[in-house]
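Open your viewer, find the selection tool, and get ready to click along. We will go one stop at a time, with a short note on what to select and what is there.

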Amino acid sequence: MGPDNGQIHEQFLTLFTANEPAIRAYVRRLVPTRHDAADVMQGVSLVLWKKFRELDQPSDFRKWSFGVARFETLAWLRDKARDRLVLADDVLQAVAHESEQDEERLSAQRDALEGCLGKLPKEQRTVILAAYAPEAAIQDVAKQSGRTVAAFYQWLHRMRLRLLDCTRRTLQAEGLA
Amino acid sequence: MSNSADLRPLFVAYALGAISPEQLQALEAALREDPDLRRDFIEYMNIDSALGDMAALSEAELAEFETTKPDNLSGATGSGVSGAIARANDRPTQTFRDVAFVGALAATLLIAAFLWFANPSENEQLPVAMLVADVNAVLLCDGQPCQGTELRAGKYRLDQGLLHLQFIGGVMVYVEAPARFDAVSDKRVTLHSGRLSANVPPEGIGFTVETLAAEVIDFGTEFSVEVESSASEVHVFEGMVRVLPRSPSGTKTGSAVDLRTSQAVMIDHASEKPVEIDLATDRFIRTFDESRRRYSGTVKRLSPVAFYRMAIRDQGLACLPPEYAGVVLTGDGNRPPHARGVFAGGSLRVLADSSGRGGRVDIPPPLRTGQFTLAACVYLEAGARNGIVATNIRSNHGNFALGLDENGFLQATIRNRDGDLLSVSGEAAVALHTWRHVVMTVDGQQFRLYEDGHLVASAACSPVADSVADVLWFGTNADGKNLWDGRIDEVALFDRTLSDAEVTELYQSALGEMENSE
């Protein structure tokens, strides 16, 4: 007799909650846009839930969930590839594989981002987060920041590169680079 | 930092879904070759994801959460799910980012929980495949004799006989004993030893067979895999599969190899390198139902000079023999959506609300005997007048065309050795939304046109002019006009005349599948 459904629920939710940012980030690295990632994650979380009993060791949850997410994402992309511009399967496989190998550092990088964002002037930080907010209208955010949409995208790109460099320096200081 | 750093601005275009086909191609090629750029790309997207998580939580929400007790959260719905989330979120190690997705997560999991409890059978492991038929099969499921016709995820051993399985995604799989395989999911099988053949319909694209030496990903096709102790082999009978060599530990070890119709490779388990080998047409059992194979078998027996089954892979139009393969023409650079054909492997979709603009063969087979036959299956979505099925005629060059006339009737045209064009037309407009089998033949004296096995027009005719290198077009004329509005499948060209009996035989061998196809 195995654990009852309530116990399985709780175990799944605990594991999923702890790992969801990593799974979401993993999916995000494989799909073109954030909206795509949200779309795929809906399916991934359901599949993880349905297949949860197949997981042997709770300690393997992240690795297992990456495997599920990888399959679901690539299947989703293959479906979309017929009418959308997405990277070729072999490139995505390489990105997926290297993402998995490097997850510890990538996870630390996501944590380091908090600190890096905190180092930015509040005004810049507010604008970046406004651009990333769910349902954000980039046109409005661009206008409020006093830029054209094209200029705003360029600015956002530069800010992302700055944040990326900052997280790399942070990781380097922690011996994780 | 990457050597391809100048391509990093493309990351933002990609992340916005605003990248152009040319930019995507450049980015793809650079990512494939440059590991440093890949790392930059992965980290860029990683930051993008983390920013999204942070932004999902407003300052106000954060402040509210920090002052909210877990009990209050669970009280929102009163369900155990929310309570569990709240408890999970109460862990002391939590960062504020963890909170950001709680709302979305709770919604997703509530749906999941609803589905779970609404359907008690979901609590049982779902079958991944069904047993369709077997021939003297002795099958063990996780070491025990199998019961019933449903196969769940697990380990299987076929000690004797043959199995025909249908995976839930529609993929047909044939396994020959002795074989050991794991049904991993409805889209994935691990073959440890033995032979397996798969027939993959459009909805099953992505079906993957994993072996010790490779991962074989299918793109809507028919292929076989054999695993022996020292090597794995992959044979593609139609369509395309992608083979990713891998080490026994599962690590990808080499570049992906795309195998197309009539190609095969062997991957030595020690060297992990794919080596091209001859296609083994007779080694594998690929169906228990011979009628399915009859049409292509009949065509091949009649010795066509080129046979286009209209398997479209990476904008290529596969052909037997491969040297006459063509390309798919698209209006805006996007490949037209996969279109169902009469048989496996799809068809050429032209117009019909898609970006399909036909196909082109730059190096077609020479036609120099004075005789000619073209056979094809066609499906018309709308009554487009003058739509072309196939032609190589352009001004004073080329010697045949098949399509519709200005009334929407089937029309065949040939150029004779005097340079004169002669056309014959059918007796009624081609019916919409149904597959039709059409054939035109010229024997040097008579020009004949058949619809669904019946002779519908004929005329006296001298031998057909020679054609050595006239570009062949499918679904369009040479000027990109007169587009067919529908689908074209199974185009066979012959440099001889098929007899009435042979045309009838061809039609009859396609009949069953045409009636069952949409």
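Start by selecting chain B and colouring it by secondary structure: there are 10 helices and 30 strands. Here helices (H or I, at least four residues) and strands (E, at least two) are DSSP runs, numbered from the N terminus. What you are looking at is a predicted model, in which local features need pLDDT of at least 70 and side-chain atom pairs count only at pLDDT 80 or more, while totals for chains, interfaces and linings use all residues. Residues are numbered from 1 along each chain as its sequence is written, and chains are lettered from A and ligands numbered from 1 in the order in which they are written.

**The two chains**

Keep chain B selected. Of its 518 residues, 46% count as buried. A residue is buried if 20 or more other C-beta atoms lie within 10 Å of its own, exposed if 12 or fewer, and partly exposed in between, with C-beta atoms placed from the backbone. Next come contacts: two residues are in contact if their C-beta atoms, placed from the backbone, lie within 7 Å. Among the contacts in chain B between residues at least 6 apart in sequence, 57% link residues at least 24 apart.

Now switch to chain A. How many helices and strands are there in chain A? You should find eight helices and zero strands, so to follow DSSP runs here is to follow helices. Its 177 residues are 41% buried. For contacts in chain A between residues at least 6 apart in sequence, 62% join residues at least 24 apart.

**Helix 2 of chain A**

Select residues 34–51 of chain A, which form helix 2. The expected span of a helix is 1.5 Å times one less than its number of residues. The 18 residues of this helix should therefore span 26 Å, and its end C-alpha atoms are 25 Å apart, which agrees. Try showing the side chains of its buried residues, among them R34(A), D36(A), M41(A) and W49(A).

**Where helices of the two chains meet**

Select helix 3 of chain B (residues 35–55) together with helix 4 of chain A (residues 89–101). Helix 3 of chain B has 21 residues and reaches 30 Å from its first C-alpha to its last, close to the 30 Å expected. It is mostly covered, with 17 of its 21 residues buried.

The two helices pack at an angle of about 70 degrees, and their axes are 10 Å apart. Axes are lines fitted to C-alpha atoms, for helices over the stretch in contact, and angles run from 0 to 180 degrees between N-to-C directions. Helix 4 of chain A and helix 3 of chain B are therefore roughly perpendicular to each other, a label for angles of 65 to 115 degrees.

Which residues of helix 4 of chain A meet helix 3 of chain B? Click on A94(A), V95(A), E98(A) and S99(A), which face R38(B), F41(B) and I42(B) in contact.

**Strand 26 of chain B and its partners**

Go to residues 435–442 of chain B, strand 26. Seven of its eight residues are buried, so this strand is largely enclosed by the rest of the structure. Zoom in on W435(B) in this strand. Is W435(B) buried or exposed? It counts as buried because it has 25 C-beta neighbours inside 10 Å. Add G341(B) to the selection: the two are 94 residues apart in sequence, but 9.0 Å apart in space, C-alpha to C-alpha.

Two strands pair if DSSP finds at least two bridges between them. Strand 21 of chain B (residues 372–380) pairs with strand 26 of chain B in the antiparallel sense over eight bridges, and T373(B) stands opposite T441(B). Five bridges also join strand 26 to strand 27 (residues 446–451) of chain B, again antiparallel. There, V438(B) has E451(B) as its bridge partner. In the hairpin of strands 26 and 27, with three residues between the strands, G444(B) takes a positive phi near 100 degrees.

**Last stop: E226(B)**

Select E226(B), which lies in strand 9 (residues 222–227) of chain B. With 23 C-beta neighbours inside 10 Å, E226(B) counts as buried. Not counting residues up to four places away in sequence, E226(B) touches R195(B), S232(B) and E233(B). M266(B) is 40 residues from E226(B) in sequence and 9.2 Å from it in space, C-alpha to C-alpha.

Terms used: Parallel < 35°, antiparallel > 145°, perpendicular 65-115°, else oblique.
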